[in-house]
Amino acid sequence: MRITIIGAGFSGGVLATELMRHASQATELRLVGVADSFGRGVAYGESRAEHLLNVRACELGADPDDIDGFARWLNLGKRAERGYMPRLAYGEYLYSRLQDAIHESRADVRLHTQEAVAVERAGRRFRVLLADGREFDSDIVVLAVGSLPPQRLHGVGPRLLVDPAYIA
């Protein structure tokens, strides 16, 4: 079975990690995304050091069967694990889990650091086209592209959009 996940941020990375842990040798898994965001996504990769998570470290394991996995990965003591850690640290934890799963998986795992520009139906399969012109077929395609940019507020005119005082 050939599975492609388009979007390698938080959702795509966590899904890929779980699929790799349970996949057989007959599984080909492709993860497509922007290189700097693999496993982390925008939420946990582009943060500043002072941006903290809004959930305690001891309650933020990426695996529901290992709820304190993040705190254990950080090697936190009992008091510290009840604290709120930087978003960047959580991004590193997610990336580490993804890398570990890649190295331990029996599946044929391929990472594509390109943007997917199209997915086309090709009979019972899908053809995925990448920005660099490469393409490949897949039996299953998962779109894990994250949140879309916010829409412009109704009533905000073009002059306000370019005013330096306006922050979208």
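A salt bridge is a side-chain nitrogen of Lys or Arg within 4 Å of a carboxyl oxygen of Asp or Glu. The views below come from a predicted model, in which a search of the whole structure finds 13 salt bridges.

**View 1. Glu28 and Arg30 form a salt bridge.** The N to O distance between the side chains of Glu28 and Arg30 is 2.9 Å. This distance is within 4 Å, so the pair counts as a salt bridge. Both Glu28 and Arg30 are buried.

**View 2. Glu18 and Arg97 form a salt bridge between two helices.** The closest N and O atoms of Glu18 and Arg97 are 3.2 Å apart. Glu18 belongs to helix 1 (residues 10-22) and Arg97 to helix 4 (residues 87-104), so this salt bridge ties together parts that are 79 residues apart in sequence. The two partners fall into separate burial classes: Glu18 is partly exposed, at a relative accessible area of 24%, whereas Arg97 is buried, at 8%. Arg97 counts as buried because its value is under 20%.

**View 3. Asp68 forms a salt bridge with Arg72.** Between Asp68 and Arg72, the closest N and O atoms are 2.9 Å apart. Asp68 is partly exposed, with 33% relative accessibility. Arg72 is partly exposed as well, with 47% relative accessibility.

**View 4. Four charged residues are joined in one network.** Glu28, Arg30, Asp108 and Arg110 are linked by salt bridges that share partners. Two members of this network, Glu28 and Arg30, are the pair of View 1.

**View 5. The largest nonpolar core has 14 residues.** The residues with the most contacts inside this core are Leu53, Ala62, Phe70, Tyr90, Tyr93 and Leu94. Helix 3 (69-74) and helix 4 are the elements that give two or more residues to the core. Helix 4 provides the largest share, four residues. In soluble globular proteins, nonpolar side chains tend to be buried together.

**View 6. Ala62 touches residues elsewhere in the sequence.** Leaving aside residues up to four places away in sequence, Ala62 touches Val14, Tyr90, Tyr93, Leu94 and Arg97. Among these, Tyr90, Tyr93 and Leu94 are also named with Ala62 as having the most contacts inside the largest nonpolar core. Another residue touched by Ala62 is Arg97, the salt-bridge partner of Glu18 in View 2.

**View 7. A second core is separate from the largest one.** This core has twelve residues. Ile5, Leu29, Leu31 and Ala101 are included in it.

Definitions and conventions: Residues numbered from 1 in each chain as written. Predicted model: local features only at pLDDT ≥ 70, side-chain atom pairs only at ≥ 80, totals over all residues. Heavy atoms only, no water. Buried < 20%, exposed > 50% of the residue type's maximum accessible area, 1.4 Å probe, protein only. Core = buried A, V, L, I, M, F, W, Y, C linked by side-chain atoms within 4.5 Å. Contact = heavy atoms within 4.5 Å.
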